[in-house]
2 protein chains.
Amino acid sequence: MNYSISEENHLKAIFHLQADSNLVTTNALALELNTSAASVTDMLKKLKQKKLLHYQPYRGFKLSVEGRKVALDIVRRHRLWEYFLSEKLKFTWDEVHELAEELEHINNKKLTDRLDEYLGHPKFDPHGDPIPDSFGKMTASLLVDLTKVTENKFVEVCNVGNQSPEILDLLKHNKIHIGTRLEVKRIFPFDHSMEIKVKSFPAITISEQLAENIYVKILK
Amino acid sequence: MNYSISEENHLKAIFHLQADSNLVTTNALALELNTSAASVTDMLKKLKQKKLLHYQPYRGFKLSVEGRKVALDIVRRHRLWEYFLSEKLKFTWDEVHELAEELEHINNKKLTDRLDEYLGHPKFDPHGDPIPDSFGKMTASLLVDLTKVTENKFVEVCNVGNQSPEILDLLKHNKIHIGTRLEVKRIFPFDHSMEIKVKSFPAITISEQLAENIYVKILK
DNA sequence: AAATATTTTTAGATTTGTCTAAATTTTTAT
DNA sequence: ATAAAAATTTAGACAAATCTAAAAATATTT
């Protein structure tokens, strides 16, 4: 089956919101998609009719098994294109998302599978998010947020929790990028701020809020 | 400026029709785009308003300089993606067109330029059609149709004039593909049919209609 | 458990791209 | 040069995806 770009965007957004909160509301979805609650309701009715989600007016909704499958396929295409853009076309991690938002809507199984093969069946996209395989299976993410890391560990930055200009600005100021390796030196119990050391630069201190938004792989 | 998929498809179709007939009619465009003449008229008004074409109701239309520039950019994206699909993802020449029809509508200069660079600035797509560069310039096609070739010449098949199932079926039957090298043995003046020899197969005779639709590069 | 606030849905409008059928203009043929 | 044919445009309708404002349902507060 083939779905419209708007239908796909709704399915994908529900999938992502479901992943971190389980309880997805009409308003949250409208916020995520930069649209109105009324539009979301219209779309929910349509997606229910297509059996992509379970939905009782006023009582909430969630993806059906089929809806989840469709969403996973969109996520797969998104992340494969992100990998392609980053790995082959040398786009930086902050440029790939927007382009992948467009490329993901080209729904052709053979194209997706060939791309996957061409890229060597990558398991993670450039942000460290796992790429579902053609059955919708994906490796559990290896990432934890920086607050979970204990003192004196070395880690590699793989993802940021939100991509607002504000956080990107602060990360840039601290010379932290995707792929940056850093050492957690100390954690201050008072405010949970952390002292970290990036390469040979002098150690710096970052807030708990920032640390929560930095996802890392712990290095052996 | 950014144009809708439908606007882009109209511009591209006008560009192609203009290339081979100079006189593009509302009906011809409707036929090309599988739509109605009325819809085409609506779109012509819109494109005129956006200054992409010159149009006087009932008196015909043609692309403006700006419209041509936009069309060339769409053609550039289409052919680069075709090259990518063929060269990197190993799709066959008859599979690439349909996919490129979707990919071409992603309009991002940096993406197009990076793709071009990644592919090594190819001059021709897998069908032998020239790829415009980022200024809209393209190498003149090296191709001629088979009826232009004289006896005892060796040529390489680079393109077919139309991609109907009927012609593809006949080509397959005659073991002619893109890249096939063949020799023109004789031309029969009576009906302009041609005797050709593909590799070591026995010589075969093809009709003028078929020869007109086979575009070739003459080999030194 | 009412009253109030919040969330969600409905109602009705708008835009884009399309359609069919009718009207108009241009072209062709007699 | 007029009648008939063909091409094009206009008029009016429709579906998809959105919007705002109002209504309805649910949740929260006192």
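This report describes the chain contact, the DNA-facing surfaces, a helix pair and a sheet in a predicted model.

Residues are numbered from 1 along each chain as its sequence is written, while chains are lettered from A and ligands numbered from 1 in the order in which they are written. In this predicted model, local features need pLDDT of at least 70, side-chain atom pairs count only at pLDDT 80 or more, and totals for chains, interfaces and linings use all residues.

**Contact between chains A and B**

The contact draws 13 residues from chain A and 12 residues from chain B, two residues being in contact if their C-beta atoms, placed from the backbone, lie within 7 Å. On the chain A side, two or more residues each come from α5 (93-103) and α6 (109-118); helices (H or I, at least four residues) and strands (E, at least two) are DSSP runs, numbered from the N terminus. The largest share of that side, four residues, belongs to α6(A). By class, the side of chain A that touches chain B holds eight nonpolar, one polar and four charged residues. Here Ala, Val, Leu, Ile, Met, Phe, Trp, Tyr, Cys and Pro count as nonpolar, Asp, Glu, Lys and Arg as charged, and the others, Gly among them, as polar.

**Surfaces near the DNA strands**

A residue is near a strand if its C-beta atom, placed from the backbone, lies within 6 Å of it. Around DNA strand D there are 20 residues, of which A:Ser4, A:Ala38, B:Thr25, B:Asn27 and B:Ala38 come nearest. Two or more residues each are given to this surface by α1 (5-21) and α3 (37-49) of chain A and by α2 (26-32) and α3 (37-49) of chain B. DNA strand C is likewise surrounded by 20 residues, with A:Thr25, A:Asn27, A:Ala38, B:Ser4 and B:Ala38 nearest. For strand C, the elements that give two or more residues are α2 (26-32) and α3 of chain A, together with α1 (5-21) and α3 of chain B. The largest share near strand D is five residues from α3(A), and α3(B) gives the most near strand C, with five residues. The surface near strand D divides into eight nonpolar, nine polar and three charged residues; the surface near strand C has eight nonpolar, nine polar and three charged residues.

**Helix pair in chain B**

Helices α4 (residues 65-87) and α5 (residues 93-103) of chain B pack at an angle of about 135 degrees, with their axes 8 Å apart. Axes are lines fitted to C-alpha atoms, for helices over the stretch in contact, and angles run from 0 to 180 degrees between N-to-C directions. From α4(B), B:His78, B:Trp81, B:Glu82, B:Leu85 and B:Ser86 meet B:Trp93, B:Val96, B:His97, B:Leu99, B:Ala100 and B:Leu103 of α5(B). This contact comprises seven nonpolar, three polar and one charged residue.

**Sheet in chain A**

An open sheet of six strands has the order β3-β8-β4-β5-β6-β7 in chain A, with antiparallel pairing; two strands pair if DSSP finds at least two bridges between them. Strands β3 (144-145) and β7 (204-206) stand at the edges with a single partner strand each, so one side of each lacks a neighbour in the sheet.

| Strand pair (chain A) | Bridges | Bridge partners |
|---|---|---|
| β3(A) and β8 (residues 214-218) | two bridges | A:Val144 and A:Val216 |
| β4 (residues 154-160) and β5 (residues 181-188) | three bridges | A:Glu156 and A:Arg181 |
| β5(A) and β6 (residues 193-198) | six bridges | A:Arg186 and A:Glu195 |

Strands β5(A) and β6(A) form a hairpin with four residues between them, and A:His192 in the turn has a positive phi of about 55 degrees.
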